[in-house]
Structures are given as C-alpha cells and as structure tokens.
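Here is a short note for a colleague at the bench. Please read it with the model open.

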Amino acid sequence: MAKFKWRILKPLLFFVFLFFYQLVSAQTSKATLHGYVRDAANGEELIGVTVYFPDLQKGVVTNAYGFYSITVEGGAYNITYSYVGYATVTKNLTLASTTELNIELEEATETMQEVVISAEAADANVTDIAISTEKVDMTQLKNMPAVFGEPDLIKMVQMMPGVITAGEGTSAYFVRGGSADQNLILIDEAPIYDPSHLFGYISVFNSDVIKESQLYKGGIPARYGGRLSSILDVRTIDGNNKTFGGAASIGTLASKAMIEGPIRKDKGSYLLSARRSYADLFLKIAGNENRVYFYDINAKVNWKQSNKDRFFAAGYFGRDAFKLGGVFGFDWGNTTGTFRWNHLFSEKLFSNTTFIASQFDYGLELEDEALGFRWTSVINELSIKQHFNWFITPKNELDFGYNLTYRRFQPGYLQPNVESSIFDGVELEKLYALDHALYIGNKQVVSDKLTMEYGLRLSIFQNVGPGDVKIYADPQDNIRPEVVRVDSYNSLEPIITYYNWEPRFSARYLLNDVSSVKFSYNRMAQNVHLISSGTVPLPFNTWNPSSIYLEPQLADQIAAGYFRNLKENAYEMSFEGFYKHMQHVTDFADNANIFFNDDIATEFRQGDSEAYGFEFQVKKNVGKLTGFINYTWSKTVRTVPGVNLGEPFPSNYDRRNAFNLLASYKLSERWDFTSTFTYSTGRPITLPTGQYQYQYYNPSYITERNGYLLPDYHRMDISAVLVPLKNKNRHMQTKWVFSVYNVYNRKNAFTLYSQDKEVDDQPTGEKEFVMIYLFPIVPSVTFNLSF
C-alpha cells in the first residue's frame, strides 16, 4: 500500500518541484503593488479588472475576490485600471518597495462606456488565454424576452455556442456532448443539484442578485472538478457597503424584492432577496383546490475585519410545491450555505477558505385513507475548500489547494401518512462517500505572443460505510439477480477507492494585434451519477456515488480556436472545434426498473461516448445595435454494452444544428428593444416500431434506441424596455418590461408518446402517436423599481 501511495504522489511532488524551481528562480523584481478594486458606488469587489503598466507592457487582472498583486522593478510608472462599463483610472506612482493601493472605479457615462467596452474587447476575446469560456452579459440578461417575463440565467446559457437544450420548458442543458448531470452548477461555490422552478420553466437564479456568471466548456482551470462537461460558476453581489438601497418587481408569474445596505460603512454589508410566484393565490380565490407555487430566498452578509481579513456568509433557500385536487402532491428544493474567509498572508499570497453545505430533496405524497404515503429522497453535501492564489511574478500566477467533500445519499424513504394506510415504512439503504482533490496550476506569460496555463488535479474518491453491499453472481443480471453474499462496513470504512489524475493545459498565441489562436486539453472525472432514464432531469431523479458497480466517469477533451476582432474591436468573432471522448458514461439496461429498486446496481450499464463539433460566434459590443449570433454543429454517439444490442446509438440530446441570435437596439434613453431567435434540429427519441401479443396484452416492440427525430425546433421572442422620465426623487428609478414569448405561435414538440387508438370511443387494437406541446404565444409585463 505504501508503494502504491508513493507511486501516486511521486508525479505530483515532481510537478510541484518544477513549479517552484522555475518560479522562484525567476524572481528578480524589487517592488510589489497590490490591493483591491471596488465599485465606487456600492463597494462591490470587481472581478477581472485589468491592472496594466503601459511602460512595461505588463499587467494582471483581479481575481474572483477583487484582489490583485504585481511585482516589477522599482521605479516611476503610470498604472491604468480598466473594466468594462467603468471609467478607466490612471495612477502615477513611484514604487520602491511593497505598496498597497485600493482603487474605486466609477461607472462610465454612456459615451465613455462605448470607448471602454471597445478597448476591453481586444483583451477579452483575443489576448485573454480563456478558451471555451462564456461570460454572461447581465444587461442583456435583464432585457432579453422570457416566458412569463422572468429573466432567466439558464435560458441565456442555453443560447451559448456549444450548448444544446432539450426543448421548451426545461432548465436542462447539454454541453459539447455531455449529459445534463455532467454540468456542475455553483452559487457562491455551493452546488445546485437541480436548478429548476416549475419543472424548468424558469431557473433558481434571481437575476437581481447575480454579480457575475461564467460557463467553462473547456480549458477548465485545475481548481475546478467534479463534472465532465462544464462548470457554471455564479457569484452573487455582496451588498452595498456605502448606502441603503433595494429593488422590487411585479411580473406576470412572480414578484420579488431585494434590500441591501451597510452594516457599517466601508466595513460590512448585507443583502436579502426574496421571490415568489402567486398562481396558487389566484387558484385559491377561484375556488380551485390545486396549488402551484415556488419561492426562493438569497441572503448574504460580509465583514471586512482589516485589509488582510474579510468574512462572508451566504445562503440560498428555494422550493417548489404542487398539490393537485387536494389529494396528490409533490415538492422539491435546494438549500445551500457558504462561509468564506479571505486572508492575505503577504502582498503576493492570497488565501480563500470556504465551508459549504448543500442539500437537495424531493417528496411525493398521496393523501388517502387506504393508500396514503409520503416518499422522500435526499442528498446532503458538506465541503471544505482551501485555495491559494500566489502572484509570484508578472509572468507567473500560481493556484493550488485542497478540497474535501462528504456526501450522504438517501435514495428513497417511503412512509405512511395516515394510520389506516396499507403501506409500511420502507427505506432504501443510505450511501456515503468522501471526495478529495489536490490541485496546482500556473498561468505563465512565456513571451509577448505566447501565454500558457497548465495544471494537475488529483481526484481521490472513496465510497464508504456504514452500509451493507450485496455481491451478485452476475451484476448484469437484472431479471433474477442472485446475491452471493452481503459485505458489511463500519462508518467511514472505505468500500472502494478510485484515484484519477486530471491534467489541464491551455495556450494562446497572438498572431497580431487583432487575432490569435488558442488550444486546450483537459481531463475531468465525475464521481456522482444521476439515476434517470429520461432526457430531461426531473426533480424526482436520484443520485448515486461511484461504487464497486459504478466506476467514475472520465472525459478527455481537446479544443482549438481562431479568435479575431474587427472594425476597431466593435465586433468579436471566434471559431472553435472540439473533440471529447468519455468513458464509463452511465446508462441503464433496456426496460430498466429504476424506481424503488433494491437491486438497482444490476440495472447499471456503463460504456463510452464520443462527441465532436464546431462552434461559430459573432458579437457586436458597441453602438445602438448590439448582440450576438451563435451557431453549433455537433454529433454525440454512445456505445454501451447491454444497451441497443451493444450497437452505437445517438444520445437523446444529439441535436446536430443549433442557431441562436440576440439583437438589442437602443432607440433612445427611454426605449430599448430586444429580440431573440432560436433554431435547432429535432431531438432523437425512442419509439416503438410495432407491437406483439402476449396473453391478453399487446406490448410495444422497440428495435432501436433514439432511432427517430422530433420535428425541428424554432421560436422568436421580443421585448421592449421603457424607462420613464426620472422621478423628482433622484434615488428612485422605475422600468417597464413588455415581452412576447413565441411571437408567431410555433407549436414546438416537447415529446411524443404512443397510446391505444380509438374510433368512436372504441379501441381498435392499434397504436397512435400523440405530440405534446407546451407554450403558445405568451405576452407578459413586468414593473421594476430600484432605489
């Protein structure tokens, strides 16, 4: 065992040695400038601000917490601080030793803003090393048309290149051939297992509290892990630490309110936001027994103890509840909590320590004297993350750290909710896991043209006790599973351990001032598996850890792209191609029973998946007309022994073509208009090709997995934003948002199912297919108030 551990640790130690040797030997600088960059109006730390020395042609950007540090030779310099939408600040300093300089940036006027965005565009698209990374424009998000008028982050993500949606009315999305459960969704570093409200009509993210959102599709830094396909990192605002403020809105579907303000000016702040739908209130007034509603709450406080220590606490609480006819009901929800401590060990070494708790649960309930029951399923997660950011030289920025996560899975618990129920309490066995990760990565400026980011992550996963593990004579026999023995394990005793190395590499080479080429490779490991047989993850699906019957899923992806800016950075253009190979992807045997199955392990099937394609994007950033055009062509094929007779088959989200357009036009200071259009080829679906007779039944006969396509999907939405003339109270601003979803009333197929065909209410013995559609044309109006 000792030899095995040494074999695992030796490459990591060698890698660390090379880092430190190369980086420490490069230190010849004499003075270090460091500090935080904040918004002058509310004190929010700004992420990604460029701190640049024009004389040296060197610079850095602020990290995820607004901190920067750069070491240069002593001397007198002009230093610029620039950020999208903010006026650039230039400082003249003489640096002789360590100097702390905290900067506050003011929002630019409309005329200035165009200049700043134009100057920043080259940095963001051409010179930045980021590849396969999309940043959400919050202004576009809040103005874009949406179903029921509720701005939705996930709907914006679904329009990005390389992202495929399952269709209408869902928060699921699929990135570069990966399934929906292979996307890690974070809010203030805490995982969200199901991001949907109302079964996916809108997501759990309240646009009023989002500070920044980034989607990583490839070129993923070593600090991220746990999923194969993408990372959606959402960070909420900290709260105004200068003045009291807030916002409220009343919409067609829901209303929301948010307040923020200082605990002590420039020392600490708070944020509290709540949102709730009210369809159930109207149903109650109308005498309808059905109940349908959702709510979510975001809360956050932070305190700056000193320039070296700052503390944050954030929480999210959200839930959906349905009750039909006062008899049958179901509910689900996410709860997260994050405590974060930022500490500055020195002017170069930044530390972030995070404690995280997350829970996702769902329940089904039937109120009946004879059949009454309550079914629940829960997944709990506790994590600690220790991350270090070391600004060694202007050419080398080192990240390293350690993550530990403990998970408890309760697949299902059935209990009677009335004494007369025929059901007894039944519980599927709980499952437990420990997930460790060590990582290190370096961003290195090799020359004026070449920049690289490389790193290594070690994933150590343990399926642990307490629990009993069934050993089957044939784990693939799901008809009559034979149990050979049952092995028992004590609390935290390892049942099986998996080790996986995850190398990461990205590079950017400047061809000239307006164009560059980029390349990336990354390996990702995923140790949790969604137990679902459908395309769209419903809230009633459960999760399982890797085990002796489920190996961790692995993905290797390469991506390369050409990036260019046109017409003095007014336009950004990119073209990327990718190839991804996935191992041990989880599927299920044909006709699998996955609900309340105590032998669910015999239904698991694992195989390989291959995805490849290309993405094209054009953005216009300045002028009265702004927006983007995105096009994706991709193909995803799976080969899973025991599924589809072992033959390759397309995944059920394999839409070959996806086209998305967003255009915003600023008519005047009062009126903004936005239109979106989306098109994709039909989604694969499994349909019966016939039926046969078995005794008194006529079961369907299926010959091919995902052998048919639904009709192509397309839709246009429009919105208009009216900002009335300012009130006499200058601190208050109102806004009206008018939108129309599905303007030309397209009937887009959500799914297709077969049923017995009848003529004049008489069965014919034949089958017919029925198409399900969701939304016709949906107008909406929302009133917004901010102060």
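The points below cover cavities, one loop residue and salt bridges in this predicted model.

1. Cavity count. The structure holds seven cavities of 30 Å³ or more. The largest has about 300 Å³ of space. The second largest has about 140 Å³.

2. Lining of the largest cavity. The lining comprises 25 residues. Lys155, Gln158, Met159, Thr678 and Arg715 lie nearest the centre. By class, the lining has 11 nonpolar, eight polar and six charged residues.

3. Strands around the largest cavity. Strand 10 (163–165), strand 41 (657–666), strand 42 (671–680) and strand 47 (713–722) each supply at least two lining residues. Strand 42 gives the most, with four residues.

4. The second largest cavity. This one has about 140 Å³ of space. Its lining has 15 residues, and Ala64, Tyr65, Lys211, Asp238 and Arg340 are the closest to its centre. Strand 17 (230–236), strand 22 (309–324) and strand 23 (328–344) each give two or more residues to the lining. The classes are five nonpolar, two polar and eight charged.

5. Where does the second largest cavity lie relative to domain 1 and domain 2? Domain 1 (28–114) and domain 2 (232–786) both contribute lining residues, so the cavity lies between them.

6. Ser651. This residue sits in the loop between strand 40 (649–650) and strand 41. Is Ser651 buried or exposed? Its relative accessible area is 2%, so Ser651 is buried. Leaving out residues up to four places away in sequence, Ser651 touches Thr636, Pro684 and Asn706.

7. Salt bridges: Glu44 and Lys211. The whole structure has 39 salt bridges. In one of them Glu44 pairs with Lys211, with the closest N and O atoms 3.4 Å apart. Glu44 lies in the loop between strand 1 (31–39) and strand 2 (50–53), and Lys211 in strand 16 (residues 210–216), so the pair ties together parts that are 167 residues apart in sequence. Glu44 is buried at 5% relative accessibility. Lys211 is partly exposed at 23%.

8. Two further pairs. Glu502 bridges to Arg504, with the closest N and O atoms 2.7 Å apart. Both Glu502 and Arg504 are buried. Asp654 bridges to Arg656, and here the closest N and O atoms are 2.9 Å apart. Asp654 is buried, with a relative accessible area of 4%. Arg656 is partly exposed, at 30%.

9. A shared network. Salt bridges with common partners join Glu44, Asp188, Lys211, Asp238 and Lys300 into one network. Lys211 and Asp238 also appear among the residues closest to the centre of the second largest cavity.

Notes: Residues numbered from 1 in each chain as written. Predicted model: local features only at pLDDT ≥ 70, side-chain atom pairs only at ≥ 80, totals over all residues. Heavy atoms only, no water. 1 Å grid on protein atoms, 1.4 Å probe; cavity = no way out; pocket = protein on both sides within 12 Å on 5 of 7 lines; lining within 4 Å. Points joined across faces, edges and corners; volume = space filled by probe spheres on them. Nonpolar A, V, L, I, M, F, W, Y, C, P; charged D, E, K, R; others polar. Domains from an automatic or database assignment. Buried < 20%, exposed > 50% of the residue type's maximum accessible area, 1.4 Å probe, protein only. Contact = heavy atoms within 4.5 Å. Salt bridge = Lys/Arg side-chain N within 4 Å of Asp/Glu carboxyl O.
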